[in-house]
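User: I am new to this structure and would like to understand how its labels are earned. Could we go through some of them, setting each value against its rule?

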Amino acid sequence: MVKYDGYKMAGPGRPAAKIGKIEFLPAMDAQTQVARMIRGEQDMMTGVTADQANNLAENPLCRVTVEDTVAFTLIQMDVTARSGLEPFKDIRVRRALAHAINRPAIQAALTPKSAHDIPVPGGMCHKWVTGCDFSYPFPEYDPAKAKKLLAEAGYPDGFEMRLTSWGPNKPLAELVSGDLHKVGIRASVEHLIYSVYAKKARDGESQAMVTLWDNSGSNPDIDITTSYWFSPDNDNRDYTKDTDLHAATETGRSIFDPAARQAHYKKMFDKVNEQIYMVPLTALPAVVVHSKDLVLQGGHKELQGFYFNYLEWAK
């Protein structure tokens, strides 16, 4: 990819490229890329694990850039027993599950050290997304309270369930499963390719899904989130069947005053938190390992952690 010197649309939000030529290499396994980064034969690497990033950060030829993004991970529970699993119909069980998961520890385990100051999500959106707001506090990690709630709900010995995940979410699902086992929820992990995962979700066969959400690729308005999860038109994705959320999703589309929209959506996301319809798990920062001489300009929420026209060589 070669810089085009005749580019006439440059501006503060879309600057002209600063690097003359970017070469893309054939896909290689992660260990080969790590070796090339260590030897200075490759300038940038994405999709790195926490361990890889931490190790490469010690190399004088490398730098690790971490950018918070719009994406985060979550659990969606079958609160209406579409799958035949009954416990999640009881809010005490859903609250127990939320108390059982050590979200900060899981995020720390899955992200490099430089990302550990990024807070875990407190709701089903980021407050800097237009229209997003919530105030209802999400349950803190408290396994003793989780066991107490399970007993009150009639499950003193816990119950068996299945966590379904896809793509990059398998390590996350396994860590969640480990926390749930500690309070008696015997959660197995079913890891699928996305097409099979999506079909099971559409058919109402999933008991609890470990997935991620990115507001449809950094779209700046919260209507994307509410329409995806709570629209009455998306029956196959709706595991809540909450008619209040259905109506609120439709109403929100007709509110144009920014303050009124934010107040409206705040009620929606507070209800989602209060009812524990979903459990936001971890932030999903972009992690990029790159040459010490390559600068990645920030100030954006791009899921990959960079834009090509924001790259430049250190002066």
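Analyst: We can begin inside the protein, where Val70, Phe72, Cys125, His126, Val129, Trp213, Asn215 and Thr225 line the largest cavity. This is a predicted model, and the space in that cavity comes to about 30 Å³.

User: What makes the space lined by Val70, Phe72 and the other residues a cavity?

Analyst: The term cavity is used because a 1.4 Å probe fits at its points but cannot get out, and a residue belongs to the lining when one of its atoms is within 4 Å of a point. With a threshold of 30 Å³ or more, the count comes to 1 cavity. By class, its lining holds 5 nonpolar and 3 polar residues, with no charged residues.

User: Why are the other spaces called pockets, and what is known of the largest pocket?

Analyst: A pocket is an open set of points, so the word separates it from a cavity, which the probe cannot leave. The largest pocket holds about 810 Å³ of space and is lined by 28 residues, among which Val48, Leu110, Pro168, Leu284 and Pro285 lie nearest its centre. At least two lining residues come from each of α2 (50-56), α4 (103-110), α6 (170-182), β7 (278-283) and β8 (286-291), and α4 gives the largest share, 3 residues. Sorted by class, this lining has 16 nonpolar, 10 polar and 2 charged residues.

User: Which residues lie nearest the centre of the second largest pocket, and which element gives the largest share of its lining?

Analyst: The second largest pocket has a volume of about 600 Å³, and of the 23 residues that line it, Ile22, Glu23, Phe24, Gln42 and Met44 lie nearest the centre. Two or more lining residues are given by each of α1, β1 (44-46) and β10 (311-313), with the largest share, 3 residues, coming from β1. By class, the lining of the second largest pocket is made up of 14 nonpolar, 4 polar and 5 charged residues.

User: How do you know that Met1 can belong to a surface patch?

Analyst: A residue in a patch needs over 30% relative accessible area and no salt bridge, and Met1, at 48% relative accessibility, counts as partly exposed. Met1, which is found in the segment before α1 (30-39), makes a nonpolar surface patch of about 310 Å² together with Phe24 and Phe308.

User: Why is the contact between Asp203 and Lys199 called a salt bridge?

Analyst: The N to O distance between the side chains of Asp203 and Lys199 is 2.8 Å, and because the rule asks for a side-chain nitrogen of Lys or Arg within 4 Å of a carboxyl oxygen of Asp or Glu, the pair qualifies as a salt bridge. In general, side chains of opposite charge can pair when their charged atoms come close. Asp203, at 40% relative accessibility, is partly exposed, and so is Lys199, at 46%. The structure holds 19 salt bridges.

User: What separates Lys266 and Asp270 along their helix, and are these residues buried or partly exposed?

Analyst: Lys266 and Asp270 are 4 residues apart in helix α11, so about one helical turn separates them, and the closest N and O atoms of their salt bridge are 3.2 Å apart. Buried means under 20% relative accessible area, so Asp270, at 12%, is buried, whereas Lys266, at 27%, is partly exposed.

User: How do you know whether Lys315 and Glu312 are buried or exposed?

Analyst: Exposed means over 50% relative accessible area, so Lys315, at 90%, counts as exposed, while Glu312, at 11%, is buried. The side chains of these two residues meet in a salt bridge, with N to O at 3.0 Å. Elsewhere, salt bridges that share partners join Arg36, Arg39 and Glu41 into one network.

User: What is notable about phi in Ile276, and why is this residue called buried?

Analyst: Ile276 has a positive phi of about 50° although it is not a glycine, and it lies in the loop between α11 (258-275) and β7. Its relative accessibility is 0%, so Ile276 counts as buried. Lys241, also not a glycine, has a positive phi near 55°, but at 31% relative accessibility Lys241 counts as partly exposed.

Technical notes. Residues numbered from 1 in each chain as written. Predicted model: local features only at pLDDT ≥ 70, side-chain atom pairs only at ≥ 80, totals over all residues. Heavy atoms only, no water. Patch = residues over 30% accessible without salt bridge, like charges linked within 9 Å, V, L, I, M, F, W, Y side chains within 5 Å. Areas by Shrake-Rupley, 256 points an atom, 1.4 Å probe, with all protein chains shown as cover. Buried < 20%, exposed > 50% of the residue type's maximum accessible area, 1.4 Å probe, protein only. 1 Å grid on protein atoms, 1.4 Å probe; cavity = no way out; pocket = protein on both sides within 12 Å on 5 of 7 lines; lining within 4 Å. Points joined across faces, edges and corners; volume = space filled by probe spheres on them. Nonpolar A, V, L, I, M, F, W, Y, C, P; charged D, E, K, R; others polar.
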